[in-house]
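Subject: Structure for you to look at

Hello,

Here is the structure I promised to pass on. Please open it first; my notes follow below.

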Amino acid sequence: MTADSSHRIFLRDWQDALADRLGLPTNAGQLALRQQVQLRIVYILQFAFVGSWILYLVFYAALGAFLSAATCFIFGVLPSVVALFLLRSGWSTATAGLTSSLASATGLFLLTFTTGGVTSPISSWYVVLITGAFIQLGMRLGFLVTFYCTVLLLAVIFAFPWHGNRLYELPFAAGNAWYLYSSYIVAGLVCALVIALYVRHFEEGFRFLQNAEERATAASQAKASFLANMSHEIRTPMNAILGLTYLLERESADEGQKEKLDRIAGSANHLLGLINDILDLSKIEADSLELERTNLNVKATLGDVASMMSDRAREKGLGLTEEIDHSLVDLPLLGDPLRIKQILVNYASNAIKFTERGRVVLRARLEERHEDRVKVRFEVEDTGIGVPEEARERIFDAFEQAEAGTTRKYGGTGLGLAIAKRFAHLMGGEVGVVSRTGQGSTFWFTALLKRGSVTKAAPDAAGMALRAGARILLVEDNAVNQEIARVVLENAHLVVEIANHGGEAVEKAKDSDYDLVIMDMQMPVMDGLEATRRIRALGKTMPILAMTANAFQEDRVKCREAGMDDFITKPVAPPLLYAILARWIPE
């Protein structure tokens, strides 16, 4: 650690201590402003020192005390001017303040020595110097200057008795105690003025900062509200686009039409992925993204990702396998399964995209085990084109890809890996890639996960099928979404009943036993959260799954607190919907 960085720490401690005494805020976001205030104070003090030394220089010169006048110039005026020059040149306040303080202390010693020893009125300015040193330099360096001044004062005391000899006696210094006392009174008033000025600058600065923070908070809340509303409004029609495209593909026998519908679905999914990435990146950069801490089963998480990616891998003729450390299979953990899946899906999607033949492997292994937490390493290995060595660091930055031609050939925004990196850091882990050009890559990330307790968990979806004939209550107010969801569910041989709002769902749940409820959140008459609470109050224990365009973390928390068992974000691809439903109503 450099001397300057040490000073910054000491200065921050001193400023925080003073701000605490004054009841002022002291969080890290305000440090820059406090440093600006500090710089202004140091400038003011140095100009004051220059002015004071010039007055003393003129005073002694007028009395014919040219040795004392020269001392004022060499040890007072000159160091203060040098300190101002250092500040203007960008040097730290520690360097400038320490230079001025030590030189001024030496000058005071020489003036005290030549003008009356401890009876000299100039000795009162040690008080002003020490006060200024603490304000300029902070607690530790302020004590250093105080120690230096104390040593010099002791030297004066031992060198001269109270009425000892003087090399140069001012005509009114000896025997005039009132002048000595008045000089200390003046010095005390100067110190009080300096401290009052310091406090005033801090108070003004913090008032400005608090107002700025309030404005920033209001803007952040407005932005969050806008993002939430836009997310909901975009996802609702996207659900209809993807759902109707899926249904038309199943019903159409014309290969040309199927190909066009497949392109529509691909473009819609690309747009949806871009929307998700921008929302995630915006929330991360605004520090408003909070990770969940719920029961996490690593085996089930890998299974869900494999289920989501299996069709894409099959279409390209790639093998898709899972490898999991045996010690993780039944290990209860607490974490954010959604974000872990999001990283793995991004890795797996890229692996399938950049691999023409071979396989993709999803892997999880226990890297560290502690009493209350574990470190898990997740990997996605492929046999694709690989990543050039010079690009392996920057591909995890926002809007970056390995090569410019990659975007043109394979598409993508360069946001996925940047978001994966942010998520991994939020989970206390790291990201990285091991790759050989032309032979494949292994993208990995680590996560620190709390140890959990054995609780009832959702079944693993891997390899499971939906139970045909299961009764589903679909609670949805949008007519288009009703029709799409009904057809998708009936195609899986499920029996579907529809409720147009939460109040109707509660009435239906009173009289019937359903195997599962799919519940929208935002509906007229009664929303999904209130409907869920009332259904649970009836003693009904069937799974209730939120299927909503509200895609934010706080929405998931609200759903869980209301009594819902799972959360599905619109728009949802039918294969993914089937995989999630298979966890709750398996065959």
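Start with glutamate 379. At 8% relative accessibility, this acidic residue counts as buried, because the cut-off for buried is under 20%. Bear in mind throughout that the model is predicted.

**Around glutamate 379**

Glutamate 379 sits in strand β5. What does glutamate 379 touch, leaving out residues up to four places away in sequence? The contacts are Val361, Leu362, Arg363, Arg365, Thr442, Phe443 and Trp444. One of these is far off along the chain: phenylalanine 443 is 64 residues away, yet the two C-alpha atoms are separated by 5.7 Å.

Glutamate 379 also has a charged partner. It forms a salt bridge with arginine 377, and the closest N and O atoms are 2.7 Å apart. Arginine 377 is buried too, at 13% relative accessibility. Arginine 377 has a further role in the picture: it lies over the face of tryptophan 444, 4.3 Å from the ring centre. Tryptophan 444 is itself on the contact list of glutamate 379.

**Salt bridges**

How many salt bridges does a search of the whole structure find? The count is 24. Besides the pair above, lysine 375 bridges to glutamate 367, with the closest N and O atoms 3.6 Å apart. Glutamate 367 is partly exposed, at 31% relative accessibility.

Another bridge lies within a helix. The side chains of arginine 534 and glutamate 530 meet at 2.9 Å, N to O. The two residues are four apart in helix α15, so about one helical turn separates them. An α-helix has 3.6 residues a turn, so residues three or four places apart point the same way. Both ends of this bridge are partly exposed: arginine 534 at 42% relative accessibility, and glutamate 530 at 27%. Elsewhere, bridges with shared partners build one network from Glu323, Arg363, Arg365, Glu367, Lys375, Arg377, Glu379 and Glu381.

**Aromatic pairs**

The structure holds three aromatic pairs. One of them joins tyrosine 347 and phenylalanine 443: it is tilted, 5.5 Å centre to centre, with 45 degrees between the planes. Tyrosine 347 is in helix α10 (residues 337-353) and phenylalanine 443 is in strand β7 (residues 440-451), so this pair ties together parts 96 residues apart in sequence. Both rings belong to buried residues. Tyrosine 347 has a relative accessible area of 1%. Phenylalanine 443 has 10%.

Is the pair of phenylalanine 378 and phenylalanine 445 stacked or edge-to-face? The centres are 5.0 Å apart and the planes at 15 degrees, so the pair is stacked. Phenylalanine 378 lies in strand β5 (residues 373-382) and phenylalanine 445 in strand β7, so parts 67 residues apart in sequence are tied together here. These residues are buried as well: phenylalanine 378 at 1% relative accessible area, phenylalanine 445 at 0%. Ring pairs link Tyr347, Phe378, Phe443 and Phe445 into a cluster.

**Helices α3 and α12**

On the surface, Phe73, Ile74, Leu78 and Val82 make a nonpolar patch of about 330 Å². Leucine 78 belongs to helix α3 (residues 66-88). Its relative accessible area is 42%, so it is partly exposed.

Helix α12 (residues 416-426) has a set of buried residues: Gly416, Leu417, Ala418, Ile419, Ala420, Phe423 and Ala424. Glycine 428 follows α12, and its phi is positive, near 75 degrees.

**Positive phi outside glycine**

Two residues are worth a look here. Histidine 493 has a positive phi, near 65 degrees, though it is not glycine. It is in the loop between α13 (479-491) and β9 (495-499). Histidine 493 is exposed, with a relative accessible area of 57%.

Valine 525 also is not glycine, and its phi is positive, near 70 degrees. Where is valine 525 found? It is in the loop between β10 (516-519) and α15 (528-537). At 72% relative accessibility, valine 525 counts as exposed.

Best wishes

How values were computed. Residues numbered from 1 in each chain as written. Predicted model: local features only at pLDDT ≥ 70, side-chain atom pairs only at ≥ 80, totals over all residues. Heavy atoms only, no water. Patch = residues over 30% accessible without salt bridge, like charges linked within 9 Å, V, L, I, M, F, W, Y side chains within 5 Å. Areas by Shrake-Rupley, 256 points an atom, 1.4 Å probe, with all protein chains shown as cover. Salt bridge = Lys/Arg side-chain N within 4 Å of Asp/Glu carboxyl O. Buried < 20%, exposed > 50% of the residue type's maximum accessible area, 1.4 Å probe, protein only. Phe/Tyr/Trp six-rings, centres within 6.5 Å; stacked < 30°, edge-to-face > 60°. Lys NZ or Arg CZ within 6 Å of the ring centre and 35° of its normal. Contact = heavy atoms within 4.5 Å.
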